[in-house]
Amino acid sequence: MSTATTAPGTASGRGPLTELFLGGGRARRFAWLFVGLVLLMSLVRIVSGQQALTSSSTFAAALLLAVPIGLAALGGLFAERAGVVNIGLEGMMILGTWGAGWAGYQWGWVAAIIGGAVFGALGGLLHAVATVTFGVDHVVSGVAINILAEGVVRFLSELLYAGGAEGGGVTQSPALASRPPNFSLPVLSSGPDLLGDIEGARIFLVSDVAGLLRGLTSGVGVLTLIAVLLVPASYLLLWRTAFGLRLRSCGENPAAADSLGVPVHRLKYLAVIISGALAGLGGVALVFVANIYREGQTGGRGFIGLAALIFGNWRPGGLAAGAGLFGYADGLQLRSRGAVVALLLLIAVLLLAVAFYQAGRRRLLQAVLAVVFAAASLVAFLTIEELPEGIVSFTPHLITLLVLSLAAQRLRMPKADGLVYRRGEH
């Protein structure tokens, strides 16, 4: 198999940054859509009077909440690009939270990162043994790991914490020995805090952009920086190196890759172990927020990371956008219940835009459905003052389902994803 990779700036006109998010020549359109979204959010803030929609505190919370989901989605990316479906991301995150809590309370935050990654990688190794070596159905193996992880961490907590470590118990670890450092941009986000002054002026669009920038550059944790850097690093590794080409070939046509000398089973093992380590790092992020391991800490974020991966069309930039969307919705509902109602107006406008787009493509049924849901969202915005707490807490999940339903028409998973491969079989 040829290991040549497409160099940046070739005849296709697609450079690395262009490919990162969409994998095609539509990066400029994506940039304009992002600008339009920020403009629309600014307008909705003015109309609704809900300052939390674009406040720096909301964006800071969104970034913090997006990190574990994004890391789990990155883990799923490596496994599925190699042809292994990883439903067990949730279980690997659970193992990562326990490993981070155990190592962190003894040796500090650096050990927590290592412990979480190692425990998550062990979950990935178990998944690789079951699926690659023994040919177990990928979904069955993943579900088994999710169930097994919960039992394993409870057993380890009872063994090591109950009646022994101060502050620990069968459902939690003692507090971490040290907390990870945070970073802020000098002058702009700390000290004189110029972005904070601009945000406080409440100028249309300008203050909203300042709130966005301040939220993303103030009090950023070390693991958040690592997670952000892992997005372009994963793209460069998987799409710009011979190793990445070989790994992706295992998820597209493993028989052809094997016939050309690619070590398919070895790469699948490596990809799933990396997948588990990244999911474990997502668990570390949750432990850093609480400064402690608690049972049930993941709260289904491994499954949400899998949804972000699908929304992102199995590409690093797309899954980062999906994780950011869920993180924003989750952060907003934590900051302001009233601002969640303002989201209904934003959704109504977006659905109306979708209706025009579908009508232009002569998809009348989809256009009519979009108009109906847009009208329902607008009526809800005009008549509801405050949503019940139960619905507010479920808002991020509803938005995730809505976006997935809109994006599902243009998805393309790796061709051999989820298939059991045996050498010599086609």
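Leaving aside its neighbours within four places in sequence, Thr224 is in contact with Leu63 and Val67, where contact means heavy atoms within 4.5 Å. Select Thr224 to begin the tour, and keep in mind that this is a predicted model, in which local features need pLDDT of at least 70, side-chain atom pairs count only at pLDDT 80 or more, and totals for chains, interfaces and linings use all residues. Residues are numbered from 1 along each chain as its sequence is written, and side-chain values use heavy atoms, with hydrogens and water left out.

**First stop: Thr224**

With Thr224 still selected, colour helix 9, residues 222–239, since this is the helix that holds Thr224; helices (H or I, at least four residues) and strands (E, at least two) are DSSP runs, numbered from the N terminus. Is Thr224 buried or exposed? Its relative accessibility is 7%, so Thr224 counts as buried, given that buried means under 20% relative accessible area, exposed over 50%, and partly exposed in between, with a 1.4 Å probe and protein chains only.

**The whole protein**

Now zoom out and show the full chain as a cartoon, where the secondary structure comes to 18 helices and 2 strands. The radius of gyration is 22 Å, close to the 22 Å that the globule rule gives for 426 residues, so the protein is as compact as a globular protein of that length; this radius is taken over C-alpha atoms, and the rule is 2.2 Å times the number of residues to the power 0.38. Turning the C-alpha trace along its principal axes, you will find that it spans about 60 × 60 × 40 Å.

Of the 426 residues, 49% count as buried. Among contacts with a separation of 6 or more, 77% come from residues 24 or more positions apart. If you switch on the surface, about 19,500 Å² is exposed, with carbon and sulfur atoms supplying 68% of it; such areas come from the Shrake-Rupley method with a 1.4 Å probe, and for residues only the protein chains shown count as cover.

Colouring by charge brings out 28 positive and 20 negative side chains, and the centres of the two sets lie 13 Å apart. Here Lys and Arg count as positive and Asp and Glu as negative, while His and the chain ends are not counted, and the place of a charge is NZ of Lys, CZ of Arg, CG of Asp or CD of Glu.

**Helix 3 and Ile69**

Select Ile69 next, which sits in helix 3, residues 56–81. Its relative accessibility is 1%, so Ile69 counts as buried. Which residues is Ile69 in contact with, leaving aside its neighbours within four places in sequence? They are Arg301, Ile304, Gly305, Ala308, Ala323 and Phe326. For a distance to try in the viewer, pick the C-alpha atoms of Ile69 and Ala121, which are 52 residues apart along the chain and separated by 17 Å.

**Helix 6 and Val153**

Move on to helix 6, residues 138–160, whose 23 residues should span 33 Å at 1.5 Å a residue, and whose end C-alpha atoms are 32 Å apart, which agrees; the expected span is 1.5 Å times one less than the number of residues. The buried residues of this helix include His138, Asn146 and Leu156, and what covers its buried residues includes helix 4 (89–107), helix 5 (109–133) and helix 13.

Within helix 6, select Val153, which is buried, with a relative accessible area of 3%. Leaving aside its neighbours within four places in sequence, Val153 is in contact with Ile94, Leu95, Trp98 and Tyr293. From Val153 to Gly99 the C-alpha distance is 8.9 Å, although the two are 54 residues apart in sequence.

**Two loops with a positive phi**

Most residues other than glycine have a negative phi. With that in mind, select Asn313, a residue other than glycine whose phi is positive, near 60 degrees. Asn313 is found in the loop between helix 13 (301–311) and helix 14 (316–335), and its 23% relative accessibility makes it count as partly exposed.

Then follow helix 15, residues 337–360, where 24 residues should span 34 Å at 1.5 Å a residue and the end C-alpha atoms are 36 Å apart, which agrees. In the loop between helix 15 and helix 16 (364–383) you will come to Arg362, which has a positive phi of about 65 degrees although it is not a glycine. Arg362 is exposed, with a relative accessible area of 76%.
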